[in-house]
Amino acid sequence: METKQTCLLSRHTALGATMAPFAGYDMPIEYNGLDEEHTAVRTTAGVFDVSHMGEVDIQGPEAMAFVNHIFTGDVSTMADGSCLYGMMTAFDGGTVDDLLVYRRSDTDFMLVINASNTDKDLDWIRSHAPNWKVTVTDRCSDFGQLALQGPDAEKVLKDTLDIEGSDLTFYTFKTLADGSIVSRTGYTGEDGFEIYAAPASIMNMWDRLIAAGVQPCGLGCRDTLRFEAGLPLYGDELADDITPLEAGLGMFVKLDKPNGFIGRDALAKQKAEGLKRKLVGLEIDSKATARHGFEVLDECGNIIGFITTGYNSISVGKNIAFALIDAAHAALGTKVQVQIRRKTATAVVVKKRFYTPKYKK
């Protein structure tokens, strides 16, 4: 399969970025080093190319009811100009994808889906649309996307791009005169904005940000930043065989909303019967990093789960991980072991949010 390219590929290579395939795209992993880029977002601001993400418009007289049918959240309670995080789930409760819903009106929504799931998601959405008075439009090729993240993001947005961000609160958006969309959202645990615009506009904005000295950031620190802030990644903490409840995302699953949603019955049953496994945070007593798939053991050496994400944290200075383990061992303070290659390391169950996010409410 041919590797796709974002509109900013030539910019990444000109900056000497380390490139690698991700979700079918040739994407920048890092520019000046993961630690430097991660720290820039935590302390000042950094900009990410996230043009590989997918956008889908759902429009029509039954748009609100249809989105509610395929989405775990309740979009009927959203104000126009707001965003909502949640999941699409299969009939068995497994996660099709996690996504953001942007509500323009009760007849007009935009879904922002993961790049790795774009084709699968579109097929899923379209397969459920024929009985509804809606139009499903793939907008992926119409938009590039930038994520400007960090405590200085609002000032940089205004000073460098001449876009006012002070009028946006967390998880709200606005549409500019040229059709671009700016939302106060992100995936780093810091204040920030995501900008959806035509590829030519995205290239122009990227050039202005880089010329102004904003740190370009790759997918390497995007992962470390989201992980420290306790945010899941599809394919690691969420998957076809991992439900939102198991991932600790029950607050985004509205089991009691009118008319339910696809997967509601399976998730309600899972909740009523009690979870057999849960996603937890781990603090590990080892210099070696626990990677995705490494086994987690109880104190007797029995396998009780596996690591979903692990890093030596840049911001908190500890060896930490997410793990999906048997619920019987998920209480805070429980001691477990992690198999790191040929050695086992002791670990303790801790809260999944290792770093306190600094969003503007």
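Trainee: Which residue is the bridge partner of Leu-282 in β17?

Mentor: That's Ala-321. Bear in mind that the model is predicted: local features need pLDDT of at least 70, side-chain atom pairs count only at pLDDT 80 or more, and totals for chains, interfaces and linings use all residues. Residues are numbered from 1 along each chain as its sequence is written, and side-chain values use heavy atoms, with hydrogens and water left out.

Trainee: What makes β14 and β17 a pair?

Mentor: Two strands pair if DSSP finds at least two bridges between them. Strand β14 (residues 277-284) and strand β17 (residues 319-326) have seven bridges, in the antiparallel sense, so they meet that rule. Gly-281 opposite Phe-322 in β17 is part of the picture.

Trainee: How many bridges join β14 and β19?

Mentor: Four, again antiparallel, so that pair passes the DSSP rule as well. In β19, Val-348 is the bridge partner of Glu-283. As background, strands of a sheet pair through backbone hydrogen bonds, either parallel or antiparallel.

Trainee: Which strands make up the closed barrel?

Mentor: Six of them, in the order β14-β17-β16-β15-β18-β19, with antiparallel pairing. From one strand to the next the twist averages 40°.

Trainee: What does helix α7 touch on the sheet?

Mentor: Helix α7 (residues 219-228) packs against β16 (303-312) and β17, and its direction makes about 120° with that of β16. Axes here are lines fitted to C-alpha atoms, for helices over the stretch in contact, and angles run from 0 to 180 degrees between N-to-C directions.

Trainee: How many helices and strands does the chain have?

Mentor: Eight helices and 19 strands. They are DSSP runs numbered from the N terminus: helices are H or I with at least four residues, strands are E with at least two.

Trainee: Why is Cys-221 called buried?

Mentor: Its relative accessibility is 1%, and buried means under 20% relative accessible area, exposed over 50% and partly exposed in between (1.4 Å probe, protein chains only). So Cys-221 counts as buried, whereas Cys-7, at 21%, is partly exposed.

Trainee: How many disulfides does the structure hold?

Mentor: Zero. A disulfide is a pair of cysteine sulfur atoms within 2.5 Å. For Cys-7 the nearest cysteine sulfur, that of Cys-140, is 13 Å away. For Cys-221 the nearest is that of Cys-217, at 4.2 Å, so neither distance fits the cut-off.

Trainee: Which residues touch the most other members of the largest nonpolar core?

Mentor: Phe-48 and Tyr-102, in a core of 29 residues. A nonpolar core is a set of buried Ala, Val, Leu, Ile, Met, Phe, Trp, Tyr and Cys residues joined through side-chain atoms within 4.5 Å. Among the elements giving two or more residues to this core are β6 (95-105) and α8 (264-273), and β5 gives the most, with three residues. A second, separate core has 24 residues, including Ile-58 and Val-96.

Trainee: What is Tyr-102 in contact with?

Mentor: Contact means heavy atoms within 4.5 Å. Setting aside neighbours within four places in sequence, the partners of Tyr-102 include Phe-109, Phe-173, Ile-181 and Tyr-196.

Trainee: Why does the radius of gyration agree with a compact globule?

Mentor: The rule is 2.2 Å times the number of residues to the power 0.38, with the radius taken over C-alpha atoms. For 361 residues that is near 21 Å, and the chain has 20 Å, so the two agree. Along its principal axes the C-alpha trace spans about 60 × 50 × 45 Å, and 55% of the residues count as buried.

Trainee: Is Asn-259 buried or exposed?

Mentor: Exposed, because its relative accessibility is 83%. Asn-259 sits in the loop between α7 and α8, and its phi is near 70°, a positive value in a residue other than glycine. Arg-341 also has a positive phi, near 55°; it lies in the loop between β18 (335-340) and β19 (343-350), and counts as exposed at 58% relative accessibility.

Trainee: Where is Asn-68 found?

Mentor: In helix α3 (residues 63-70). Its relative accessibility of 10% makes Asn-68 buried. Beyond its neighbours within four places in sequence, the contacts of Asn-68 include Val-75, Lys-257 and Phe-261.
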